[in-house]
Amino acid sequence: MSIFENTVLVDKKVSVVNVILRYLCIALAIFCVLVSIIVYPGILLVPAIIFAVFWYLLKIASQIEWEYTYIEGRLSFARIKAKRKRKNVAKIEMEEVVLIAPSTAHELYNYHNNNQVSVKDCSSKQPGAKTYEVIYKNGSGLGDIIFEPDENMLDMICNRNAKKVIR
């Protein structure tokens, strides 16, 4: 018996606000160090350290990866923060899947206009990225996860669930 497994890692795009705040923190930290060295020795070292800590926390917050795994009829989604902290977002059995289609497919129109469908965006948010959506039964309602599978993952899913996948 062969095992069908595929894992895809996608880096999330860093937000403009995060980048601006990081540059601001570094600029303020450098300013505080220079002022404490030149004008008032040691008085602004504590704020400089605080700005450096804020920069570090913003840097960690910007390092997010999405992991999609398909193993023998199960799709798993996880968020990896700073290459250290892994949090499972969803595990979906293929029996629960209603449809997997490109985000631009007209078959998804009814789901996009339904307020009862809970949506999770696990994509990189990069312009031009080819995203797919998986619509699945989530308890008594429906869920929608936006993700970016590679061709190999789509082929593996299609091999066993061709009726549920639109390419």
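**A four-stranded sheet and its aromatic cluster**

In this predicted model, four strands form an open sheet in the order S1-S2-S3-S4, with antiparallel pairing. Strands here are DSSP runs (E, at least two residues), as helices are (H or I, at least four), and both are numbered from the N terminus; two strands pair if DSSP finds at least two bridges between them. Strand S1 (5–11) and strand S4 (85–93) are the edge strands, each pairing on one side only. On average, neighbouring strands of the sheet are turned by 15° against each other, direction ignored. Such angles run from 0 to 180 degrees between N-to-C directions, along axes fitted to C-alpha atoms, for helices over the stretch in contact.

Residues are numbered from 1 along each chain as its sequence is written. Local features need pLDDT of at least 70 and side-chain atom pairs count only at pLDDT 80 or more, while totals for chains, interfaces and linings use all residues; side-chain values use heavy atoms, leaving out hydrogens and water.

Inside the sheet, strand S2 (residues 64–71) and strand S3 (residues 74–81) run antiparallel and are joined by eight bridges. One place to look is Tyr-70, whose bridge partner in S3 is Leu-75. Helix H4 (residues 151–161) packs on the sheet, where it touches S1, S2 and S3, and its direction makes about 30° with that of S2. Contact means heavy atoms within 4.5 Å.

What fills the interior? The largest nonpolar core has 24 residues, and Tyr-68, Leu-75, Phe-77, Ile-92, Ile-100 and Val-134 are those with the most contacts inside it. H4 gives the largest share of this core, five residues. A nonpolar core is a set of buried Ala, Val, Leu, Ile, Met, Phe, Trp, Tyr and Cys residues joined through side-chain atoms within 4.5 Å; buried means under 20% relative accessible area, exposed over 50% and partly exposed in between (1.4 Å probe, protein chains only).

Aromatic rings deserve a closer look too. Rings of Phe, Tyr and Trp (its six-membered ring) pair if their centres lie within 6.5 Å, with planes under 30 degrees apart counted as stacked, over 60 as edge-to-face and the rest as tilted. Tyr-68 and Phe-77 form an edge-to-face pair, 5.8 Å centre to centre with 65° between the planes. Phe-77 and Phe-147 are also edge-to-face, at 5.2 Å and 80°. Because Phe-77 lies in strand S3 and Phe-147 in strand S8, this pair ties together parts that are 70 residues apart in sequence. Ring pairs thus link Tyr-68, Phe-77 and Phe-147 into a cluster.
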